[in-house]
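This report introduces a protein structure to a reader who has not met it before. Please look over the sequence and the structure shown here before reading on.

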Amino acid sequence: MNFLDREPTSVEKKQYTLANMTKMIAQCQYHSLFCISGGGAGKTWTIGRTLNEQGQDWFLINSHCTALQLYRLLFLNRQNNLVLFFDDCDGMYRSAVHLGLLRSALYGQPDRIVTYHSSQLPDDLPSSFETTSRFIFCANQVPKKNPMFDAVLTRCLVYRMDLSNDEIVEQFRVMSENGYPGCSPEAAAEIVDFIEQHGNERQLSMRLLTPAIRIYKFCTEQVTDWRPVLLAQLQNLGRPTSGTKRSNGHAKDARILKQAQDKFPESVQDQQTWFCSKTNKSRATFYRVLSRCRAEHGV
């Protein structure tokens with residue numbers, strides 16, 4: 001992952017950290033990695049790209065997998081040079097049987113021995129075997145207060161890749177600064193401003209920008225307003241954020257605005273430039289914060 005003529009964004013820095021941890025797995029410096037983050041953080045893309053860049057063969061498991069299927073998968077790849085990549089398999093981490101198999105596959109003294117004793121075990125599978133496999137797990141949600149799952153985590157490198165709305169909006173600005181086919185840079189900036197203004201009540205996703213651009217292009221071609229359509233998308237996205245977080249965000253913006261006004265009392269333009277440099281937010285955001293503060297204080 002290369003950064004050229006600018007400071008990397010917060011999202012890019014986190015993806016770079018994840019890429020470095022993935023390299024440890026590819027280079028056999030560790031045998032397992034567990035990445036936890038909300039959907040759309042770019043973890044699957046980052047991991048897959050890094051494994052490919054490292055010349056590492058990998059096998060993706062990204063759907064329902066029974067305990068017996070998991071046992072077979074572990075057995076068939078017990079000594080392969082593959083990395084087993086489990087993505088979107090969150091249900092496994094709530095099953096005692098799955099967790100028991102993973103615990104055995106991830107740690108042993110000295111060998112990692114996996115066992116499965118059942119009358120349903122097919123004849124082509126042994127009841128135990130040794131594994132030297134490497135693993136990467138990605139999950140959007142993980143169980144809380146689950147000692148068996150916690151035991152799996154202690155056997156892995158762990159990276160919690162949480163993204164705030166501010167970090168996501170910052171990344172959107174970088175992604176859209178050159179515009180898109182059928183969407184000029186100015187229009188793309190307006191779309192991101194709209195997302196920032198109306199997304200406070202929801203946890204944003206990195207997956208939002210592409211459909212937002214498509215909504216804009218379609219509505220523009222139909223000579224209709226794109227804003228109500230995108231607003232409907234925002235209102236049905238992700239989980240609600242707390243009122244406390246919104247208030248804290250507004251308070252922080254107001255505090256930085258006050259600092260800008262104290263520093264440049266005679267120039268709103270200088271206030272705006274300084275505010276945007278400190279918050280990494282847009283010019284439109286500055287004027288929304290300014291308008292809100294003026295209304296609150298009656299000036």
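The following paragraphs describe selected backbone features, cysteines and one helix of this predicted model.

**Backbone features**

Most peptide bonds are trans, and most residues other than glycine have a negative phi. Three places in the model depart from these patterns and are set out below.

| Site | Backbone value | Location |
|---|---|---|
| Glutamine 109 to proline 110 | cis peptide bond, omega near -5 degrees | Proline 110: loop between α4 (96-106) and β4 (113-115) |
| Cysteine 28 | positive phi of about 60 degrees | loop between α1 (10-26) and β1 (32-36) |
| Valine 223 | positive phi near 55 degrees | loop between α8 (209-221) and α9 (227-235) |

Valine 223 has a relative accessibility of 74%, so this residue counts as exposed.

**Cysteines**

How many disulfides does the structure hold? The number is zero. Cysteine 138 takes part in no disulfide, and the nearest cysteine sulfur, belonging to cysteine 35, lies 4.8 Å away. A disulfide would require the two sulfur atoms to be within 2.5 Å. Cysteine 183 is likewise in no disulfide; for this residue the nearest cysteine sulfur is that of cysteine 219, at 12 Å.

Are these two cysteines buried or exposed? Cysteine 138 has a relative accessible area of 1% and is therefore buried. Cysteine 183, at 3% relative accessibility, also counts as buried; the cut-off for buried is under 20%.

**The surroundings of cysteine 138**

Cysteine 138 belongs to strand β6. Leaving aside residues up to four places away in sequence, cysteine 138 touches Cys35, Lys43, Ile47, Phe85, Phe86, Asp87, Asp88, Asp90 and Tyr93. Cysteine 35 thus appears both among these contacts and as the owner of the nearest cysteine sulfur. Between cysteine 138 and methionine 206 there are 68 places in sequence, and their C-alpha atoms are 16 Å apart in space.

**The buried side of α4**

Which residues of α4 are buried? They are His98, Leu99, Leu101, Leu102, Ala105 and Leu106. These residues lie on the same side of α4, because they cover an arc of only 160 degrees around the axis. In general, an α-helix has 3.6 residues a turn, so residues three or four places apart point the same way. The elements covering the buried residues of α4 include β1, α3 (67-76), β4, β6 (134-139) and α5 (147-153). Strand β6, which contains cysteine 138, is thus one of the elements that cover the buried residues of α4.

Key
Residues are numbered from 1 along each chain as its sequence is written. This is a predicted model: local features need pLDDT of at least 70, side-chain atom pairs count only at pLDDT 80 or more; totals for chains, interfaces and linings use all residues. Side-chain values use heavy atoms; hydrogens and water are left out. Helices (H or I, at least four residues) and strands (E, at least two) are DSSP runs, numbered from the N terminus. Buried means under 20% relative accessible area, exposed over 50%, partly exposed in between (1.4 Å probe, protein chains only). The arc is that of the directions from the helix axis to the C-beta atoms. Contact means heavy atoms within 4.5 Å.
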